Amino acid sequence: MRRYGKHTDEDDIRSRPNRRGNRPRTHIRPKHEDAAEGMVLTVDRGRLTCLVEDRVVTAMKARELGRKAAVVGDRVALVGDLSGMKDTLARIVRITERSSVLRRTADDDDPYERVVVANADQLAVVTALADPEPRPRLIDRCLVAAYDGGLEPLLVLTKSDLAPPDKLLELYGDLDIPYVVTSRAELESGEAVERVREQLDGRITAFVGHSGVGKTTLVNALVPLERRRTTGHVNAVTGRGRHTTTSALALPLAGAGGWVIDTPGVRSFGLAHVDPSRVIHAFPDLEPGTEGCPRACSHDEPDCALDDWVAEGHADPARLYSLRRLLASRERTDGD
């Protein structure tokens, strides 16, 4: 076996012929200027279902995107077979810059940040008033994630026939968050569905909530069965539409021009990725008071300038309490 030293001449290097006769690889990638635009509806084991015009197309991510992953709600550029016919496959070659991002981590010590939904306008936090009991700390964490990611929050309180909503609404009254209260009877009659639909009209709304709160039941009432079958995957064995919440799924909202994104039920909502300086943007009455804060202020320490700002009458003390309660949720477990 011939060995080469440190100082080899070009003539000493043996070049292998290209047996296939094709051109060598290049780092110059095509621009795909004729790529079609689409929206990612769901992601399942490396295959992405996208809506291209009025067709549902199965696609895979192009190699040149590297580790950059597309998620539900992403606007993407696709090439290849865009017919949407069975056993066809397109390629996602670009991911458009996102207008908002809903992110979470497994827990507060986990450095790995997971993007759940992209480009949503609104985050509907669904919680039951009883059976199961409300978990305010989990709600707080969802609100922090919404403010951090650029989404407007919406509270959807279910099962009001089992418990009144007053106590929970009082807890979030100072945040001026829109809300909808529903009961089982109102869901069955359709009355509650119409109230929720009014909040979703023309918007892309991601639904979050832990198991048992009635999130998927509400989504099923909002989106007709035929639309879920068209948008979701079809089981090759049974031939039935598969609509589960093991992964996020975007569904068109009937008659309102909006989208509903159903996400899996969450047991925890880690906020390791959240910067307190971004959460303050959701409090425009308090944000000017942070100019006197020390660098990297947590807004809950002795030198925080917000205390003087509120004491001078620029903002309601209840608003500062709400901000600090939300930020403190990053340091607590959400199991209670």
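**Buried residues, cores and a pocket in a predicted model**

Valine 208 counts as buried, because its relative accessibility is 2% and the cut-off for that class is under 20%. The model in which this residue is described is a predicted one, and the values that follow were computed from it. Valine 208 belongs to strand E11, which covers residues 204-208. When residues up to four places away in sequence are left out, valine 208 touches Leu102, Leu123, Ala124, Val125, Val126, Cys142, Lys215 and Thr263. One of these partners, threonine 263, stands 55 residues away from valine 208 along the chain, yet the C-alpha atoms of the two are separated by 5.9 Å.

Threonine 263 is placed in the loop between strand E15 (259-262) and helix H7. Threonine 263 also counts as buried, since its relative accessibility is 2%. A polar atom of the side chain of threonine 263 lies 2.5 Å from the backbone oxygen of phenylalanine 207. Phenylalanine 207 falls within the range of strand E11, residues 204-208, and the loop residue threonine 263 is thus linked to this strand by a polar pair as well as by its contact with valine 208.

The wider setting of these residues can be described for the whole chain. The chain contains 9 helices and 15 strands, and 46% of its 336 residues count as buried. Among contacts between residues at least 6 apart in sequence, 65% join residues that are at least 24 apart. The accessible surface of the chain amounts to about 19,200 Å², and carbon and sulfur atoms account for 47% of that area.

In soluble globular proteins, nonpolar side chains tend to be buried together. In this model, the largest nonpolar core comprises 56 residues, and the members with the most contacts inside it are Leu102, Leu123, Leu143, Leu286 and Leu323. Helix H1, which spans residues 136-149, gives the most to this core, contributing 8 residues. A second core, separate from the largest one, has 19 residues, among them Ala124, Leu154, Val156 and Leu249. Leucine 102, named above for its contacts inside the largest core, is in contact with Arg114, Val115, Val116, Val117, Leu123, Ala145, Leu151, Val208 and Phe269, once neighbours within four places in sequence are set aside. Valine 208, for its part, touches both Leu102 and Ala124, of which Leu102 is listed for the largest core and Ala124 for the second.

A buried polar residue was examined next. Asparagine 119 is situated in the loop between strand E7 (114-118) and strand E8 (122-128), and it is buried because its relative accessible area is 9%, which is under 20%. The side chain of asparagine 119 reaches two backbone atoms: the oxygen of glycine 73 at 2.9 Å and the nitrogen of serine 99 at 2.8 Å. With neighbours within four places in sequence left aside, asparagine 119 is in contact with Gly73, Asp74, Arg75, Glu97, Arg98, Ser99, Ser100 and Ile204.

Strand E7, which comes before the loop of asparagine 119, also takes part in a pocket. The second largest pocket has a volume of about 440 Å³, and 18 residues line it, of which Val43, Ala69, Ala70, Val71 and Val115 lie nearest its centre. Strand E1 (36-44) and strand E7 are the elements that give two or more residues to this lining, and the largest share, 3 residues, comes from E7. Val115, one of the residues nearest the centre of the pocket, is also among the contacts of leucine 102.

Finally, three places in the backbone were noted for their geometry. Most residues other than glycine have a negative phi, and most peptide bonds are trans. Aspartate 131 and proline 132, however, are joined by a cis peptide bond with omega of about 5°, and proline 132 is found in the loop between E8 and H1. Lysine 159 has a positive phi, near 60°, and is located in the loop between strand E9 (152-158) and helix H2 (166-171); lysine 159 is buried, with a relative accessible area of 11%. Histidine 299 likewise has a positive phi, near 65°, and lies in the loop between helix H7 (276-279) and helix H8 (306-311). Histidine 299 is buried as well, with a relative accessible area of 6%.

Technical notes. Residues are numbered from 1 along each chain as its sequence is written. This is a predicted model: local features need pLDDT of at least 70, side-chain atom pairs count only at pLDDT 80 or more; totals for chains, interfaces and linings use all residues. Side-chain values use heavy atoms; hydrogens and water are left out. A nonpolar core is a set of buried Ala, Val, Leu, Ile, Met, Phe, Trp, Tyr and Cys residues joined through side-chain atoms within 4.5 Å. Buried means under 20% relative accessible area, exposed over 50%, partly exposed in between (1.4 Å probe, protein chains only). Helices (H or I, at least four residues) and strands (E, at least two) are DSSP runs, numbered from the N terminus. Contact means heavy atoms within 4.5 Å. A polar contact is a pair of N or O atoms within 3.5 Å; within protein, one must be able to donate a hydrogen and the other to accept it, and residues adjacent in sequence count only if both atoms are side-chain atoms. Accessible areas come from the Shrake-Rupley method with a 1.4 Å probe; for residues, only the protein chains shown count as cover. On a 1 Å grid over the protein atoms alone, a cavity is a set of points where a 1.4 Å probe fits but cannot get out, and a pocket is an open set with protein on both sides within 12 Å along at least five of seven lines; lining residues have an atom within 4 Å of a point. Grid points are joined across faces, edges and corners, and a volume is the space filled by probe spheres set on the points.
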